[in-house]
Structure formats: structure tokens, C-alpha cells
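User: I have a structure open and would like to walk through it with you. Could we begin with one residue and work outwards?

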Amino acid sequence: MSLKPMPEMTEISKPFWQGLNEGEIRIQQCNACNGWVFYPRRHCTHCLAHDLEWKSVSGKGTLYTYTLTRIPTLPEFADEMPQALAVVELEQGVRVNATLVGLAEDEIKVGMALKPVLDQVDAKGNTLLRFTAADKALDSLPYVNPLDSLPRNDKGQVQVAVDNPVALQALVSDEYTDWSNTLLVDQALINTFAELSGDNYWIHTDPERAAKDSPFGTTIAHGSLVQVLQSRLNFALPFEITGFQTMVNYGSDRLRFPSPVPAGSEIHARARVKSVQQSRKGTALTLEVNIHVVGNDRPSVINDLVILYR
């Protein structure tokens with residue numbers, strides 16, 4: 001995942017960004033006057049008609065103007081210095097703001113022929129449009145996963161240093177770990193937790209009444225009990241954070257109990273890294289843990305657990 005700010009996809013601009021992700025450059029053309037339009041709009045800039053259609057173009061053009069920046073506007077862009085910021089005039093006559101890649105400073109000339117370079121910036125396929133000289137062999141910049149070059153421990157987990165922000169961001173994923181071991185939540189365990197916590201509400205501790213009056217037809221485990229049992233459910237994280245002095249449970253950004261755990265159920269869990277944020281307090285890794293009753297697609301607990309590394 002890129003640490004750099006990404007363009008915001010709006011309702012109007014969405015086809016442009018989706019096109020890049022799919023390997024195409026799409027701009028709008030007016031069906032009323034055939035004029036080409038960029039940046040994305042709801043109306044034609046030539047005749048003001050509201051009849052625009054997205055069409056794929058080659059992306060070939062010429063360099064209209066450019067500037068070389070040597071001081072990054074944000075720290076995240078320091079690795080690109082000097083950065084060649086360009087205005088490119090496409091064959092269709094529209095002008096696109098972009099950056100030049102694969103060129104030495106003395107190769108850049110106003111009016112030079114350019115071609116597009118599709119730059120995939122993260123594992124999700126998000127792609128940005130760059131340009132280079134028409135005679136260069138460069139056509140695309142594939143995503144390089146920063147985790148691939150890191151060492152692994154004897155468990156096969158990739159070792160990510162807490163001071164490696166690019167690799168930390170690459171841990172963020174929509175994919176969950178494999179399921180953990182299973183654990184039986186029986187009435188005896190529920191009663192023990194009720195005695196410890198002081199929560200003796202009948203829906204947890206009175207099987208006879210629950211069979212008659214509960215909408216679940218049986219007693220159910222306390223939500224807090226199921227949350228606590230997370231520590232006994234061992235899901236295998238594919239990474240190990242290294243280089244920190246202390247690691248603490250900082251709390252939960254979100255804690256929900258979407259479905260009950262009936263007494264006598266078996267539960268298991270899986271997790272994914274939802275976000276990583278760095279501040280003066282340290283590195284906060286948010287691990288989304290989902291606990292399910294075995295066989296139930298709907299989770300019983302969703303816990304966005306924040307782990308703080310210092």
C-alpha cells in the first residue's frame with residue numbers, strides 16, 4: 001500500500017480511475033459536437049451539452065509544459081525528488097496533469113512526444129497515469145510488494161520492523177487469516193463468567209426460563225465473555241512485528257456483538273490487519289478480529305483491536 005496521498009474517486013471521475021485500474025485511459029467525448037473533455041465533467045466544455053460518453057484513448061501526446069520540483073510538498077514524496085510535474089496535451093487536444101518518469105533532466109523538452117505509463121501503486125491494483133518519452137521501452141510500473149524482500153522467522157512469518165512504514169502499510173489487507181482452533185462455550189463456562197463478572201441476567205444463567213422466554217430458545221454467552229475468549233483462539237498471523245520495546249493492548253476502535261453464541265456452541269476466529277497508523281505515541285496496528293459460531297457466516301464478535309508498539 002502506498003503511503004502517498006491518493007486521488008479521491010468521485011462519482012464523476014470514477015470511470016477515469018477505474019479505467020486506469022483496468023489498463024485503459026478513458027476520457028469523455030461529447031456525442032453532440034464530438035469534442036473531447038478533460039477533466040471529468042457533467043457537461044461538454046465546447047457546446048455545454050450534457051451528453052458525454054467515456055471512450056478509451058491511446059494516451060499518446062506531447063509535453064505542453066513542465067517544472068522540476070526539488071523540495072517535496074509532503075514528506076511522502078521525498079523519494080521522487082526531483083519530481084517532473086508536467087502538463088501533457090493528448091492527441092485529442094485535452095491537457096492532463098501528470099508526472100514524467102524514466103527520463104533524465106536533460107532529456108525533457110517542451111513539445112517532445114510522450115506515451116503513457118500505467119503505475120500500479122498498491123496490491124489492490126490502484127493505478128496512476130504517468131508519462132515518458134515515446135521512444136522509451138517503459139510502458140508500465142508494476143507494483144513491488146515491500147514484504148517480498150523481508151526475512152521470515154522459523155514459523156514462516158514475514159518479519160516487519162516497526163520503523164519500516166512502507167512494509168507496515170503493506171500488511172493492511174481485506175483477506176483474513178485461516179480459522180483458528182475451536183473452543184466449546186458451555187453452560188459451565190458461562191456460569192463461571194457470570195459469577196466472576198456479577199452479570200447473572202437470566203438470559204445467560206437460567207436455562208429453564210431461557211427455553212421458555214428467550215427469543216433464542218436457550219441461554220447465550222455474555223458478549224464480553226466471547227470477546228475475552230479471543231485470547232484462547234489461536235489464528236496464525238502471516239507476519240511478526242520486530243524492533244519495538246513495548247507492545248500493549250491500547251483498546252478497541254469498534255466492538256460489536258452482531259449475533260449470539262448459544263450455550264453449547266463451538267466458536268472460532270480469524271483476523272486481518274485493518275489499518276496501521278504512526279504518531280508520537282508509537283505505531284498503532286488495528287487488527288480486526290471476527291469470532292464466529294462454527295458454521296455461522298455472521299460473526300458473533302467484531303473487535304477492532306488496537307495494538308500499540310513503542
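Analyst: Certainly. Please note that this is a predicted model. A suitable starting point is Phe193, which lies in helix α3, residues 187-197.

User: Is Phe193 buried or exposed?

Analyst: Phe193 is buried, because its relative accessible area is 15% and the cut-off for buried is under 20%.

User: And which residues is Phe193 in contact with, leaving aside neighbours within four places in sequence?

Analyst: With those neighbours set aside, Phe193 contacts Gly198, His222, Ser224 and Leu225.

User: How far apart are the C-alpha atoms of Phe193 and Thr69?

Analyst: Their C-alpha atoms are separated by 62 Å, and the two residues are 124 apart along the chain.

User: Since Thr69 has come up, which residue stands opposite it in β5?

Analyst: Gln83 of β5 stands opposite Thr69. Strand β4 (residues 61-69) and strand β5 (residues 83-90) run antiparallel and are joined by eight bridges.

User: What joins β5 to β6?

Analyst: Six bridges do, and these two strands also run antiparallel; β6 covers residues 95-100. Glu89 stands opposite Arg95 in β6. β5 and β6 form a hairpin with four residues between them. In the turn, Gly93 has a positive phi of about 95 degrees.

User: Different topic: in what order do the strands of the three-stranded open sheet come?

Analyst: The order is β2-β1-β3, with antiparallel pairing. β2 (36-37) and β3 (52-57) are at the edges; each has a single partner strand, so one side of each has no neighbour in the sheet.

User: How many bridges pair β1 with β3?

Analyst: Strand β1, residues 25-30, pairs with β3 over six bridges in the antiparallel sense. Within that pairing, Ser56 in β3 is the bridge partner of Arg26.

User: What packs on that sheet?

Analyst: Helix α1 (residues 14-21) does, touching β1 and β3. The direction of α1 makes about 145 degrees with that of β1.

User: Which residues of α1 are buried?

Analyst: Phe16, Trp17, Gly19 and Leu20 are buried in α1. Viewed down the helix axis, the buried residues fall within an arc of 155 degrees, so they line one face of α1.

User: What covers the buried residues of α1?

Analyst: The cover includes β1, β3, β7 (113-120) and β8 (127-133). Just after α1, Gly23 takes a positive phi of about 85 degrees.

User: On to the interior: which residues of the largest nonpolar core touch the most other members?

Analyst: Leu171, Ile241, Ile267 and Leu285 do, within a core of 37 residues. Setting aside neighbours within four places in sequence, Ile241 contacts Val160, Val162, Leu168, Leu171, Leu285 and Tyr309. There is also a second, separate core of 26 residues, which includes Trp17, Leu20, Ile27 and Leu90.

User: Why would such residues gather like that?

Analyst: In soluble globular proteins, nonpolar side chains tend to be buried together.

User: One last residue. Where is His292 found?

Analyst: His292 is in strand β15, residues 282-293. His292 is buried, with a relative accessible area of 3%.

User: What does the side chain of His292 reach?

Analyst: The His292 side chain reaches the backbone oxygen of Asp297 at 3.3 Å. Apart from neighbours within four places in sequence, the residues in contact with His292 include Trp179, Glu266, Ile267, His268 and Arg270. Asp297, Arg298, Pro299 and Ser300 are also among the contacts of His292.

Methods: Residues numbered from 1 in each chain as written. Predicted model: local features only at pLDDT ≥ 70, side-chain atom pairs only at ≥ 80, totals over all residues. Heavy atoms only, no water. Buried < 20%, exposed > 50% of the residue type's maximum accessible area, 1.4 Å probe, protein only. Contact = heavy atoms within 4.5 Å. Pairing = 2+ DSSP bridges. Axes fitted to C-alpha atoms, helices over the stretch in contact; angles between N-to-C directions. Core = buried A, V, L, I, M, F, W, Y, C linked by side-chain atoms within 4.5 Å. Arc of directions from axis to C-beta. Polar contact = N/O pair within 3.5 Å; in protein donor to acceptor, adjacent residues only side chain to side chain.
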